[in-house]
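Notebook open, viewer loaded. I'll jot down what I look up as I go.

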Amino acid sequence: MKEPNKAIVDTQPNEDPTAEERKRDHIQLAFNAQVLQGELDARFYYEPLLSGHPVAESWPSFPFLGHTFRSPLWVSSMTGGTAMARTINHNLARACGEFGMGMGLGSCRALLYSDEVLADFAVKPLMGKQPLFANLGIAQLEQLIERRELYRINMMLDKLEADGLIIHVNPMQEWLQPEGDRFVHPPLQTIETILAQVDVPLIVKEVGQGMGVESLRALLQLPLAAIDFAAGGGTNFAKLELLRDSEAKQLIYGHLAQVGHSAVEMAGFVNQLLLELGDKVRCPAVIASGGIQNFLDGYYLIHKLQLPAVYGQASGFLKHAQGDYASLRTYVAAQIEGLELAKAFLKVR
């Protein structure tokens, strides 16, 4: 005798246990999740059909500044000589070693004549083979030339085990800084003297206002390791110095902080100059920095530039480098994941 038919019981596990909750969220959030046409990022073509999701660490390694980078990020010069500097610099250096980035130190002026704060800057052992560049202002270099003490640069680099030197050019900052120095010679003359007399890789940067066409034209024809934009849009050290001064001085000179160039504008300048200068170009690389708020800004710039480039950030790293390393590590890992996602699905217009 046949048994009566029994209902078929599905014994397979629920492969989407969060579906009901997720769909409920979709209904509740749909009206708040609209992106208006005017809010679309017009820098990119979105190509969702041409790639699978990226796997971790899929950004290809590449040569830059004579080293191998695994990520196209540069830790822009920040701080030194303060109570927090040691924690910040050590965290940043550790991240460079782990994620394959490069790093520029904050002003190393104090190390020219003393080792008192050396521990704040001596981070090369944390970086492995990644490049570490020391940093001096154009005013200090002018003084070293005048005193015939350029040997101090190599002594400082040796102490730091640094791979090269960043020269920051900051006439507006020095003019507005209450304790600021005055330049006797054009910075270009000082840079050319350093190139002729000090055999180390050099990067030249501004400090938050960028550089115009003629300054870039001159630098591109020098045998520098790279030009760092330090463009307008990020920390502006001329404005920072004004904020340290009186309200009267802020009213008189405040408009000077509004002068400058964005990183996008400077990328356009460089590309045009490459066409004009042709084989006169001797500087082989760019660090696109200044006002870069996220990985999309960086991704856009390094693909728009016609020279090999990485992008630099300061404040973004600084916010996460002041405490434990885990916070900084999470931030950097997210930036790199974003770059990998952009590489998979976005094409620069």
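Where is the place of Ala342? I find Ala342 in helix 14. A reminder to myself that this is a predicted model.

**Ala342.** I checked whether to call this residue buried or exposed. Its relative accessible area is 2%, and the cut-off for buried is under 20%, so Ala342 is buried. Leaving out residues up to four places away in sequence, I see Ala342 touching Leu296 and Tyr299. I also took a C-alpha distance: Ala342 and Tyr300 are 9.5 Å apart, with their positions 42 residues apart along the chain.

**Whole chain.** I counted 14 helices and twelve strands. The chain has 349 residues, and 45% of them count as buried. Taking contacts between residues at least 6 apart in sequence, I get 78% joining residues at least 24 apart.

**Helix 2.** I tested the length of this helix, residues 85-99. With 15 residues at 1.5 Å each, it should span 21 Å, and its end C-alpha atoms are 21 Å apart, so the two agree. Its buried residues include Ile88, Leu92, Cys96 and Phe99, and Asn89 and Asn91 are also on that list. What do the buried residues of helix 2 pack against? I noted strand 4 (73-75), strand 5 (102-104), helix 3 (118-121), helix 13 (315-321) and helix 14 (325-345). That last one is also where Ala342 sits. Right after helix 2 comes Gly100, with a positive phi near 75 degrees.

**Core.** I pulled up the largest nonpolar core, which has 94 residues. Ile153, Met156, Leu160, Leu165, Ile167 and Phe229 have the most contacts inside it. Helix 11 (residues 263-277) gives the most to this core, eight residues. I then picked Phe229 and skipped its neighbours within four places in sequence; its contacts include Ala263, Met266, Ala267 and Val270, as well as Glu206, Ser289 and Leu305.

**Pocket.** How big is the volume of the largest pocket? I get about 900 Å³. It is lined by 37 residues, and Ser77, Met78, Gln173, Val207 and Phe237 are the closest to its centre. Two or more lining residues come from each of helix 6 (171-176), helix 9 (237-243), strand 11 (309-313) and helix 13. Helix 9 has the largest share, with three residues. I sorted the lining by class too: nine nonpolar, 23 polar and five charged residues. Helix 13 turns up twice in my notes, once in this lining and once as a packing partner of helix 2.

Key: Residues are numbered from 1 along each chain as its sequence is written. This is a predicted model: local features need pLDDT of at least 70, side-chain atom pairs count only at pLDDT 80 or more; totals for chains, interfaces and linings use all residues. Side-chain values use heavy atoms; hydrogens and water are left out. Helices (H or I, at least four residues) and strands (E, at least two) are DSSP runs, numbered from the N terminus. The expected span of a helix is 1.5 Å times one less than its number of residues. Buried means under 20% relative accessible area, exposed over 50%, partly exposed in between (1.4 Å probe, protein chains only). Contact means heavy atoms within 4.5 Å. A nonpolar core is a set of buried Ala, Val, Leu, Ile, Met, Phe, Trp, Tyr and Cys residues joined through side-chain atoms within 4.5 Å. On a 1 Å grid over the protein atoms alone, a cavity is a set of points where a 1.4 Å probe fits but cannot get out, and a pocket is an open set with protein on both sides within 12 Å along at least five of seven lines; lining residues have an atom within 4 Å of a point. Grid points are joined across faces, edges and corners, and a volume is the space filled by probe spheres set on the points. Ala, Val, Leu, Ile, Met, Phe, Trp, Tyr, Cys and Pro count as nonpolar, Asp, Glu, Lys and Arg as charged, and the others, Gly among them, as polar.
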